[in-house]
Amino acid sequence: MSTTRPFSPGDRGPEPSGASGVSEGDVPATEGSDEGAAAAEAADGGAVPSLRPEPSGAPEEAARAAAGRQVRRLDFGDQSGVVPLARDFARQALYAWGWLPAATADQRAAAEDVLLVVSELVTNACLHAEGPDQLWIACDNKVIRVEVSDKGTGQPAPRTPHRAGRPGGHGMFIVQRLCLDWGVMRTPGVAGKTVWAELGAPA
């Protein structure tokens, strides 16, 4: 599996061409879509642990290698209204993990940032990749990680130069501004990609 991140977090890069979830701890080992976790090589040479399983069928215990991480998955299938569905799913996860209800303005802003990033990644998959396949969201008390998989071949990138008054093209710019980091993972020989983003918890 490979991760491509063509631009550093501060770089804008070129303009692009164009349910019910289950907690990881509740997923039985026999469920076909939860086969294990993969570690992908980041562009800078570091490991970027994926929430998505490798097709090789690694033991599910490997998916829990990151101690204390809670993971939830949403399969979109042929459902309509996937953006509000994804936001509702992410909101439920944030309530389950104690990010909501927010006790402070910073906590409320952090939770809203997570929901906005989920919306933008799913919307991007709808507009440029024939819709999302799955949403994975994980929490380890310090970082929320969001992954959206699709069957698209394009490479998401923030539009550059970014102009706030121009309609459209703001999704990946928003993701880049709100997140600690983001990138794209691909598996050789497998169609599509997974776009991931990580956001920090409020202090």
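Begin by selecting Glu130 in this predicted model. Glu130 counts as exposed, because its relative accessibility is 83%, and exposed requires a value over 50%. The residue sits in the loop between H3 and E6. Its backbone also merits inspection: Glu130 has a positive phi of about 60 degrees, although it is not a glycine. Most residues other than glycine have a negative phi.

**The whole chain**

Next, display the entire protein chain, which contains 4 helices and 9 strands. Followed along the sequence, these elements give the pattern β-β-β-β-α-β-α-α-β-β-α-β-β. The chain has 203 residues, of which 42% count as buried. When the surface is shown, about 9900 Å² is exposed, and carbon and sulfur atoms supply 52% of that area.

**The largest nonpolar core**

Now select Leu121, Leu135, Ile137 and Ile144. Of the 35 residues in the largest nonpolar core, these four touch the most other members. Colour the elements that give two or more residues to this core: helices H2 (82–96), H3 (105–128) and H4 (171–178), together with strands E6 (132–139), E7 (143–150), E8 (181–186) and E9 (193–200). H3 provides the largest share, 9 residues.

Centre the view on Leu135 and show its surroundings. Residues up to four places away in sequence are not counted here; beyond them, Leu135 touches Arg72, Arg73, Leu74, Phe76, Ala86, Phe89, Val118, Val146, Glu147 and Val148.

**Val71 in strand E5**

Move to Val71, which belongs to strand E5 (residues 70–75). Is Val71 buried or exposed? Val71 counts as buried, because its relative accessibility is 3% and the limit for buried is under 20%. Add Trp136 to the selection: the two residues are 65 residues apart along the chain, while their C-alpha atoms are separated by 7.0 Å.

**The packing of H3 and H4**

Hide the strands and keep helices H3 and H4. Two packed helices are described by the angle between their axes and the distance between the axes. Here the axes of H3 and H4 come within 9 Å and cross at roughly 145 degrees, and the crossing is left-handed.

Show the side chains at this contact. On the H3 side they belong to Asp113, Leu116, Val117, Glu120, Leu121 and Asn124, which meet Gly171, Met172, Ile174, Val175 and Leu178 of H4. The residues of this contact divide into 7 nonpolar, 2 polar and 2 charged. Leu121 has appeared before, as one of the core residues that touch the most other members.

Remaining with H4, select its buried residues: Gly171, Met172, Phe173, Val175 and Gln176. Which elements are included in what covers them? Among the covering elements are H3, E8 and E9, so the strands should be restored to the view.

**Gln107 and Pro101**

Select Gln107 in helix H3. Gln107 is partly exposed, as its relative accessible area is 27%. Leaving aside neighbours within four places in sequence, Gln107 is in contact with Trp99, Ala102 and Pro202. Adding Ala201 shows a pair that is 94 residues apart in sequence and 7.7 Å apart in space, C-alpha to C-alpha.

The tour ends at Pro101, in the loop between H2 and H3. Examine the peptide bond from Leu100 to Pro101: this bond is cis, with omega near -5 degrees. Most peptide bonds are trans.

Key: Residues are numbered from 1 along each chain as its sequence is written. This is a predicted model: local features need pLDDT of at least 70, side-chain atom pairs count only at pLDDT 80 or more; totals for chains, interfaces and linings use all residues. Side-chain values use heavy atoms; hydrogens and water are left out. A nonpolar core is a set of buried Ala, Val, Leu, Ile, Met, Phe, Trp, Tyr and Cys residues joined through side-chain atoms within 4.5 Å. Buried means under 20% relative accessible area, exposed over 50%, partly exposed in between (1.4 Å probe, protein chains only). Contact means heavy atoms within 4.5 Å. Accessible areas come from the Shrake-Rupley method with a 1.4 Å probe; for residues, only the protein chains shown count as cover. Axes are lines fitted to C-alpha atoms, for helices over the stretch in contact, and angles run from 0 to 180 degrees between N-to-C directions. A crossing is left-handed if the near helix is turned anticlockwise from the far one by less than a right angle, and right-handed if clockwise. Ala, Val, Leu, Ile, Met, Phe, Trp, Tyr, Cys and Pro count as nonpolar, Asp, Glu, Lys and Arg as charged, and the others, Gly among them, as polar.
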